Each structure stands twice: as structure tokens, then as C-alpha cells.
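Colleague: I would like a close look at a single part of this model, with the reasoning spelled out. Please take the aromatic residues as the starting point and work outwards from there.

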Amino acid sequence: MLRWTAFLFLPLALTAQGTAPQAPNSGANNYVGSVVCRTCHPDVAQNFFKNPHFKSVASGKELPEKTGCEGCHGPGGNHVAAGGGKATIPHAFSLMAPKQVLDDCLQCHSKDISKANIRRSVHTDADVVCSNCHSIHKPATPKFLLAKVQRELCYDCHQTVRAQFDMPAKHRVNEGVVQCSDCHNPHGTSPATWATGTRPRMVDQSPGGEETCIKCHQDKRGPFVFEHAAIRVGGCETCHSPHGSMNSKLLRRPVVYTLCLQCHNGAGSGLTTQGVILQSSAHNMLDPRFQNCTLCHSRIHGSNADANLLR
């Protein structure tokens, strides 16, 4: 504890004596150490020990180019010799192009599986990179070093989604029960999940390839002996609006049978697959008796007992 206390207050003592540290051999851009940086940037340095990046300092074993401030910003010799200025910082993130920011962060974070697809994510394609969402020096949320509370950060760009979370049926993101990253991987997902165009991009999936919905709705987890083809091919979004809906249970249509008729529209009467009747002329859909499909076909997410997903 005493050792880190000395580290924290050493630059302040030097400043009080009027002998702020200088970069050695000012003709070359040398590594000067995070203690020197603290002299002029105490607002950043005073809380840096709470930052996950501080482990590069705490370990005491990292090379200078991978330690503290200079691990991200590059050698500070010229910056100190010039008396400050962004132009003298080799890696001043506010002046760097998006690709440069991404390259710098991935020097350490590329080995994280969750970030493996970031270079081909839709965020990267739109020049949204690490520094647009994360604040290393003054994060609003310590866990992910986000610049704002997560939902507000996402809403900055996704305004239409924000409106959906104000609908009567919704996932409770605004209330803090669920957050965007519970369902989405903002760093990108494998192209295998969206190459066919049947699944939206950036939706996270389990190692088994299941949709993220299954993490909470485990009663809908298969495999089932008799599967509902719409779910198997198109996923939960075929019937549900995941962010919010004016209809109960996040359904895409207000009346259940109109949703079912998107697929079961009577074309090719009697067509079956794996013994499951897809369309049938047995029901007159104008008859109110047949307009509540789930009254009989209650196992719409899949069944182990009946090919027609009956109760």
C-alpha cells in the first residue's frame, strides 16, 4: 500500500518544488513513464488505478511501450519537451482516423473472442470504432468503460429502436432490467449468422448457435421432435418484434390468426413436411371458431408429442 501511495503522490511533490520532470534526451522521442504524465494530467491520473488498463502499471513487468499512458499513446518524450499539445502525441486518439484507432486497440484486444469479428461488423463499416463508445479516462460505467450509460449510448444512433422501447409490450431496457448487450454483440458477430439474410446482424448467439432469446426463454429451447419450421428457418423474429410492439407478447400483428396466415395461407392445400400440415383447407378462417389458432395449436414453439403442434 505504501509503495502505491508513493507512486500516486510523487509527481505532485515534484510540481510543488517547481521541478517538473523533463524528458531525457529531448532530441529523441523516448518513453518517459506514467509518473511524468501525471504531472500535467492529474485529473486523468488520479482515478487511473481503478481502470483495468492500470494492470499494465501494477504488474511492473511490462515493457515501456506496453505500460500505462504510453502503452496506448506512444512515447511521450517529444510531448514533454514541447510543453504539451496534441500534435506531439504519437497516438492522439481524437486526431486519429477510425482505422488507426481500431488497430491500436486491437493490439491488445484482438485475442478476445467476443471482438473477433469487429473488423467486418456494421459498426466498423460505418466508422464507429472503440473511442466512439468507450471512454478510457472518464468512463460513465466502470465495467465496460463506456462513455455513457449503455442504453443512452446506443440510442444516440438507434433512435427508432428507442421509440420501440416506449411501446406497451417491450423488453424493459429503459427500466434497467435488460440492456442492449444482453442480446447484441456491438463488436460484431460471425457472418455465418447473417449471410443468408434470415437473421439480423450484431445479434449475439450461444456457442451452440441458438438465438440469444433462449438465454431467458429457456422453456422454448429445443430440440423438439416436431419443430415449427418458421422458427427453425427465420428465428423468433418471424413472429415477434424483439424491441417493442403495440401487440401483446411482442407479436408483429394484433390478431393471432393473421400472423399465422402469413405462412399458412391456404396455398397448396394439404402440403406437408415431416408429417406436419403446413396448409389445410379444413379450416374456414372466416369462422370465429378457427381464428384463435393457439387455442388448439398451443405448442407453436415446438412439440415432442404431436406433429401438428396440438395441445
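Colleague: Does Phe165 count as buried or exposed, and what is its relative accessibility?

Modeller: Bearing in mind that this is a predicted model, Phe165 counts as buried, because its relative accessibility is 4% and the cut-off for that class is under 20%. The structure holds two aromatic pairs, and Phe165 belongs to one of them, with Tyr155 as its partner. The ring centres of Tyr155 and Phe165 are 6.4 Å apart and their planes make an angle of 40 degrees, an arrangement classed as tilted. Tyr155 lies in helix α10 (residues 150–155), whereas Phe165 lies in the loop between α11 (159–164) and β1 (169–170), so the pair ties together parts that are ten residues apart in sequence. Tyr155 is buried as well, with a relative accessible area of 2%.

The other pair is formed by Phe48 and Phe54, whose planes stand at 85 degrees with the ring centres 6.0 Å apart, so this pair is edge-to-face. Phe48 and Phe54 are both buried.

Turning to the cysteines, Cys157 is exposed, with a relative accessible area of 62%. The count of disulfides in the model comes to zero. For Cys157 the nearest cysteine sulfur is that of Cys133, at 7.3 Å, and for Cys72 the nearest is that of Cys108, at 6.8 Å; neither distance meets the cut-off of 2.5 Å, so neither cysteine is in a disulfide. Cys72 is partly exposed, with a relative accessible area of 33%.

Another cysteine, Cys130, appears in the largest nonpolar core, where it is joined by Met96, Val101, Leu102, Leu106, Ile118 and Val129 to make seven residues. Helix α7 supplies three residues, the largest share of this core. Val101, one of the core residues, is in contact with Phe93, Met96, Val129, Cys130 and Ser131 once its neighbours within four places in sequence are left aside.

The loop that runs between α7 (98–109) and α8 (122–125) contains Asn117, which is buried with a relative accessible area of 12%. The side chains of Asn117 and Arg120 make a polar contact at 2.7 Å.

As for the wider setting, the chain has 13 helices and four strands, and 26% of its 311 residues count as buried. Among contacts with a separation of 6 or more, 47% are between residues 24 or more positions apart. The chain exposes about 19600 Å², of which carbon and sulfur atoms supply 59%.

How values were computed: Residues numbered from 1 in each chain as written. Predicted model: local features only at pLDDT ≥ 70, side-chain atom pairs only at ≥ 80, totals over all residues. Heavy atoms only, no water. Helix = DSSP H or I, 4+ residues; strand = E, 2+ residues; numbered from the N terminus. Buried < 20%, exposed > 50% of the residue type's maximum accessible area, 1.4 Å probe, protein only. Polar contact = N/O pair within 3.5 Å; in protein donor to acceptor, adjacent residues only side chain to side chain. Core = buried A, V, L, I, M, F, W, Y, C linked by side-chain atoms within 4.5 Å. Contact = heavy atoms within 4.5 Å. Areas by Shrake-Rupley, 256 points an atom, 1.4 Å probe, with all protein chains shown as cover. Phe/Tyr/Trp six-rings, centres within 6.5 Å; stacked < 30°, edge-to-face > 60°.
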